[in-house]
Amino acid sequence: MKDATPQTIYLSDYKPFGYIVEAVELTFRLHPTQTRVISKIKFSPNPDAKDGEFFLHGENMTLISAKINGADISPEISAEGLRANAPNDPFVWESEVEISPETNTALEGLYMSNGMYCTQCEAEGFRKITYYPDRPDVMSVFTVRIESDLPVLLSNGNPVKMDNGVAEWHDPWPKPAYLFALVAGELVNYSGDFTTMSGKKVDLNIWVREADLGKCAFGLEALKRSMKWDEDVYGREYDLDVFNIVAVDDFNMGAMENKGLNIFNSSCVLASPETSTDANFERIEAIIAHEYFHNWTGNRITCRDWFQLCLKEGLTVFRDQSFTGDMRSHAVKRIDDAIMLRARQFREDQGPLAHPVRPESFVEINNFYTVTVYEKGAEVIGMLKRLVGDEAYKKALDLYFDRHDGEAATIEDWIKVFEDSTGRDLSQFKLWYSQAGTPHVHVSDSFEDGTYALTLRQVHKPSPGQDTKKPMVIPVAVGLLSPNGDEIVPTTVLELTEEEQTFTFDGLGAKPIPSVLRDFSAPVVLHIDQSDKDREFLLAHDTDAFNKWEAGRTLARNTLIDMITNNAEPNADFLAALESAIKDESLEPAFRALLLGLPSVDDLAQTLAGAGETPDPWEIHAERDRLKRAIAEHCNDTLADLYFAHQVQGEYSPDAVSSGKRSLTNAALAYITLVDGGQTAQRQFAAANNMTQELAALSALITIGMGEEELTDFHHRWQNDRLVMDKWFSLQTALAAPEDASGIARRLTEHAAFDWKNPNRFRSLFGGLTSNTAGFHNPDGSGYALLADWLIKLDAINPQTTARMTTAFDTWKRYDAERQAQMRGELERILGTENLSRDTYEMVSRMLK
Ligand code: PHE
Ligand code: ZN
């Protein structure tokens, strides 16, 4: 246990810093264990601040010297930083500190990865580099000098000079310290350029190790598409002469939007047809776009404090989702996003870690880079746009950029921009930022004398620290279909603002079939009593792609729940409806692939827990397998036809159409493999010339307990490719049978290639295991114990990644008494670990509350 309970930070305690930072000059003398950082910072008193205390953050460093206006001083030093007496006039602060990048295993601040120096400063990593007011509302202009023998020396902004062993960079745009970056290493660049809308040429580079040069082309093109899109859709132009991306193997997160020098987890930028799947390509394109879009939503306009994180993240996720929709398919993207939101964010909302999109307190901010802040934060933007309309949204965004460029803003500023530009009162809407939990919307209807009435009722369940909640503004997009399949009322947005409201539609000849929550217009759980017949009707006729898919998904979910709780047979009408939908050649293949997907074991456990039942992951897994087999048998011929008819011939391309066809044939393959003994998959594996086909075949085989030879062959061919080997690890733990998963995971931890200090490798093995819901929840507790052992081990060197992975336990209260006791036991064991990090301490104690 921690000696002292870590301090909680509150939004309501915000105070501006007592000084303004006019300019920053940094010199780095790089050395693996004795890097010197020399800083010269111009401060002046902040007229807007009452508190003039001069406190600079600083951790894990040795102070060599400190001066104010040239005179040596001896500041008071603590584990968090230093205090000094500072003049009430402008002054110059100078310091020299020593830090050790090589021993920095937490991967925050300046650290080393494969002989290369790199930084990660968001959220509070800059304080491990030098003494500084490390808070996002302190913005300044940085000039950086790097001294090192390494050939490539990079920092933010534009290059000023590059001589033998010395590089100088200047970033003209004031920025908070969390956007600082430095990279030094033996790197090569894949380069290109982009001419902005005002005709300025920007040099683009992706910096990698020599061996990875062949994996940069796609990323560079994705970057160009992102730059163009932000000009076309948001009117935002790039603002420096260069844009650099660096790929790093050891990284806690996906990527980081440092000004002009984005640093990427290599898994989120490097791609080639042989080593990356279609899903990898799409994700890489989205992440490159996301980080690029931060240049305006995050960097030019940043956050006043970390409680405002969703200001940049929700908006930037919303922007990258729109971009992917524009590049590929809006319908498919919306369904993908809804699946992910329900699987991860609804799960978070249902458990002990639920928190508002804008939290009001935290112990460790790293713990709040969550699906709620990011993905629900994006949903809130989407709802706002739907409520005010596209034109008004555009006007509001223009005003936002105009009004707040160069500032550190708040959610209040964001809302105000919409209020001022539309004249609308958004105070009730703002509850989306402060009330945690997923709202439930219950729908009932009636029909009389040609008038159809829809009654909507919103219900809010308590979440940690919030027992009662107020009604929110919920945009419910609705369409009505006549019994013959015609759309009689096109999509209309009903604004639910009261606890219960009735909306009427007049002049109808017959009772319509409603299509409610079209396009998943709000992140809510919808309860609507519709017959299977109505759902089959919507699956066949709905003009809204999301709800067409949703109808199929609900049928699948209902039959699964019936199979699990009543031992029912698979619903034959569902099988027939599914078969005719996947045959429909007017539907895009990627969409049909989504129709073939079933709710996950975790998703079904969430549904059952939400209905007050105790889910059994093994039982759910078994029934889900039974339904898969029934689909495979019932649709046997159709699946075979689809598989052969949609094969993509010729050279591999990751575009939306080709990858959509592969999604469909590979979804079919997974079913076919359940009934053909694996021969089709074996053939595909042997013939594959790209990773998508290879991995889909291998996955199908592992799922039926085969694929041993193929796994060996795969390992043999790919053992020198780190990113592919990550797949080799995760595949085995993710797809193992429930009773085998923890044993396989444990054996893999003993594999020579299990480099547990590398976050990607650790996440591959254990993320695979925890995604295998039935495997992780082995009733003998072996999955829990294995994960806890390794989290305890990892915490000592990397708290951030450890804390994130503790969320595997956040569903513990859902399960039966034995599983609960085992999980609670492991959580308590973690909490009782000596010198446990603040990160992990906060997560585990929240889960145990
Ligand atoms: N700000 C990064 C993003 O959203 C995420 C990140 C957070 C990366 C913290 C590193 C550390 O793209
Ligand atoms: Zn982001």
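Which handedness does the crossing of H18 and H20 have? The crossing is right-handed. Bear in mind that what you are looking at is a predicted model. With that said, let's walk through the helix pairs, the annotated domains, a small sheet and the ligand site.

**Two helix pairs**

Helix H18 covers residues 691-703 and helix H20 covers residues 722-735. They pack at an angle of about 30°, and their axes sit 10 Å apart. Angles under 35 degrees count as roughly parallel, so H18 and H20 are roughly parallel to each other.

Now for the other pair. Helix H6 (residues 390-404) packs with helix H7 (residues 411-422) at about 125°, with 9 Å between the axes. That angle makes H6 and H7 oblique to each other. As for handedness, H6 passes H7 in a right-handed crossing.

**What the record says about domains**

UniProt has three domain entries to look at here, and the names below come from its unreviewed entry. The end-to-end values are taken between the C-alpha atoms at the two ends of each span.

| Domain name in UniProt (unreviewed entry) | Residues | Helix | Strand | End C-alpha atoms apart |
|---|---|---|---|---|
| Aminopeptidase N-like N-terminal | residues 96-179 | 0% helix | 50% strand | 21 Å |
| Peptidase M1 membrane alanine aminopeptidase | residues 218-429 | 56% helix | 9% strand | 40 Å |
| Peptidase M1 alanyl aminopeptidase Ig-like fold | residues 437-528 | 0% helix | 54% strand | 20 Å |

So how much helix is there in residues 218-429? The span is 56% helix, alongside 9% strand. Residues 96-179, on the other hand, are 0% helix and 50% strand, and residues 437-528 come out at 0% helix and 54% strand.

**A four-stranded sheet**

Next, a sheet. Four strands make up an open sheet in the order S10-S11-S16-S13, and the pairing is antiparallel. Strand S10 (109-113) and strand S13 (152-155) are its edge strands, each pairing on one side only. On average, neighbouring strands in this sheet are turned by 20° against each other, ignoring direction.

If you zoom in on one edge, S10 runs antiparallel to strand S11 (residues 116-120), and 5 bridges join the two. One of the bridge partnerships links Gly109 with Gln120 in S11. Gln120 is a residue to keep in mind, as it turns up again among the residues around ligand 1.

**Around ligand 1**

Which residues are found around ligand 1? Going along the chain, they are Gln120, Glu122, Ala123, Met253, Ala255, Met256, Glu257, His290, Glu291, Glu313 and Tyr369. By type, this shell splits into 5 nonpolar, 4 charged and 2 polar residues. Strand S20 (255-256) and helix H2 (278-293) each contribute at least two residues to the shell.

Two members of that shell, Glu122 and Ala123, are joined by a peptide bond worth a look: the bond from Glu122 to Ala123 is cis, with omega near -5°. Where is Ala123 located? Ala123 sits in the loop between S11 and strand S12 (140-147).

**One more backbone detail**

Asn69 also deserves a glance. Its phi is near 50°, a positive value in a residue other than glycine. You'll find Asn69 in the loop between strand S5 (62-68) and strand S6 (71-72).

Terms used. Residues numbered from 1 in each chain as written. Chains lettered and ligands numbered in written order. Predicted model: local features only at pLDDT ≥ 70, side-chain atom pairs only at ≥ 80, totals over all residues. UniProt positions renumbered as here; feature names shortened; annotations may be inferred. Pairing = 2+ DSSP bridges. Axes fitted to C-alpha atoms, helices over the stretch in contact; angles between N-to-C directions. Near = placed C-beta within 6 Å. Nonpolar A, V, L, I, M, F, W, Y, C, P; charged D, E, K, R; others polar. Parallel < 35°, antiparallel > 145°, perpendicular 65-115°, else oblique. Left-handed = near helix turned anticlockwise from the far one by under 90°.
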